[in-house]
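Biologist: Could you walk me through this model before I go back to the bench? I would like to ask about a few spots one by one.

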Amino acid sequence: SVLVLPLHQPLRLAEEIATLDVLSGGRVDLGISRGANPKYLAAFGIAPDEGADRFETCLDTMLRAWRDPEITIAGERYAVAPKPLQTPHPPIYMGTYTPVTAAWAARQGHHLICHGISSMTSLRPVIEAYRDAGGDLSTLPLGRFIYVSNTDESARREIWPVVLDLTKRLRDNGLYRRPNIITLDELNPEVFLEKMVISGSPETCAAKIAVIADDFGIRYVNALSAFFGHLPGPLLHRALELLATE
């Protein structure tokens, strides 16, 4: 959903995103992140305390490269071409697990994107901080695991083995040890299915989505339909068809 900006060279990324915006007719939405997981930075030889500065430098450089005919970096002048088709730049969606960063995104005029791996308990303070700082929740893509089947009974029967595999994977990689995402209790398969997954018949899923929409004023659901690759292909294709048509 997002690019971890501290891992990217800003001029190159600015040119790539601008080129894609032109090729797509101005349809790029850019998701970004600071990279709160230190493993992301360590894999590229970046010290954890460098992440914040690299994020700010990268984003500032990209915004200037899109806006200005030329920019100066360390005494050298550079021009990024083409410029994005959308002006002044493609919409920016900030991925974060913390209320502080969510509020910062709102003040900067950026959108917020919430990943489906976060429980609603963890997401609520993030969403509320974004709203209270002036963010528009109607533009917020809220990620949720969604599985649609013909009936509630068939949905549970089909998705249960997937939930067992996925919760084991998430427990094994220690996701619950990181703050503001999900707890070990919420990785209990029964709790996970009840609280983290929207599943059932088309009518049941529509009702569950409506509850979230009414609670937060959200109008944009980002469906994690593949369950990180654990859902078999035939079930995925049928679930997507039901999601789209029913």
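Biologist: Which residues of helix H4 are buried?

Modeller: Keep in mind that this is a predicted model. Helix H4 covers residues 99–107, and its buried residues have cover from helix H3, strand E5, strand E6 and helix H5, among others. The buried residues are Thr101, Ala102, Ala103, Trp104, Ala105 and Ala106.

Biologist: And which residue with a positive phi follows H4?

Modeller: The residue after this helix has a phi near 85°. That residue is Gly109.

Biologist: Which residues that are not glycine have a positive phi, and is Phe227 buried or exposed?

Modeller: One of them is Ala74, with a phi of about 50°; Ala74 lies in the loop between strands E3 and E4 and is exposed at 83% relative accessible area. Another is Phe227, also with a phi of about 50°, placed in the loop between E9 and H9. Buried means under 20% relative accessible area. Phe227 has 0% relative accessibility, so Phe227 counts as buried.

Biologist: Ser225 is in the loop between E9 and H9 as well; which residues does Ser225 touch, leaving out those up to four places away in sequence?

Modeller: Ser225 has a relative accessibility of 8%, so this serine counts as buried. Its contacts beyond four places in sequence are Ile146, Leu231, Leu236, Leu240 and Leu243.

Biologist: How many salt bridges does a search of the whole structure find?

Modeller: One of them joins Arg67 and Asp68, where Arg67 is exposed at 52% and Asp68 is partly exposed at 22%. The closest N and O atoms of that pair are 2.9 Å apart. For the whole structure, the search gives 10 salt bridges.

Biologist: Glu158 forms a salt bridge with Arg238; how many residues apart are the two?

Modeller: Their closest N and O atoms are 2.6 Å apart. The pair links distant parts of the chain, with Glu158 in helix H6 and Arg238 in helix H9. Glu158 counts as buried at 17%, while Arg238 counts as partly exposed at 27%. In sequence, the partners are 80 residues apart.

Biologist: What is the distance between the closest N and O atoms of Asp172 and Lys168?

Modeller: Both residues lie in helix H6, 4 residues apart, or about one turn of the helix. An α-helix has 3.6 residues a turn, so residues three or four places apart point the same way. Asp172 counts as exposed at 54%, and Lys168 is partly exposed at 45%. The closest N and O atoms in this salt bridge are 2.7 Å apart.

Biologist: Which residues form the negative surface patch?

Modeller: Let's start from one member, Glu241, which is found in helix H9. A patch residue needs over 30% relative accessible area and no salt bridge. Glu241 is exposed at 53%, so its accessible area passes that cut-off. The patch is formed by Asp152, Glu153, Glu203, Glu241 and Glu246.

Biologist: Last one: which peptide bonds to Pro82 and Pro88 are cis?

Modeller: Pro82 is in the loop between strand E4 and E5, and the place of Pro88 is in the loop between E4 and E5 too. Each of the two bonds has an omega near 0°. The cis bonds run from Ala81 to Pro82 and from Thr87 to Pro88.

Conventions: Residues are numbered from 1 along each chain as its sequence is written. This is a predicted model: local features need pLDDT of at least 70, side-chain atom pairs count only at pLDDT 80 or more; totals for chains, interfaces and linings use all residues. Side-chain values use heavy atoms; hydrogens and water are left out. Patches are made of residues with over 30% relative accessible area and no salt bridge: like charges are joined within 9 Å, nonpolar side chains (Val, Leu, Ile, Met, Phe, Trp, Tyr) within 5 Å. Accessible areas come from the Shrake-Rupley method with a 1.4 Å probe; for residues, only the protein chains shown count as cover. A salt bridge is a side-chain nitrogen of Lys or Arg within 4 Å of a carboxyl oxygen of Asp or Glu. Lys and Arg count as positive and Asp and Glu as negative; His and the chain ends are not counted. The place of a charge is taken as NZ of Lys, CZ of Arg, CG of Asp or CD of Glu. Buried means under 20% relative accessible area, exposed over 50%, partly exposed in between (1.4 Å probe, protein chains only). Contact means heavy atoms within 4.5 Å.
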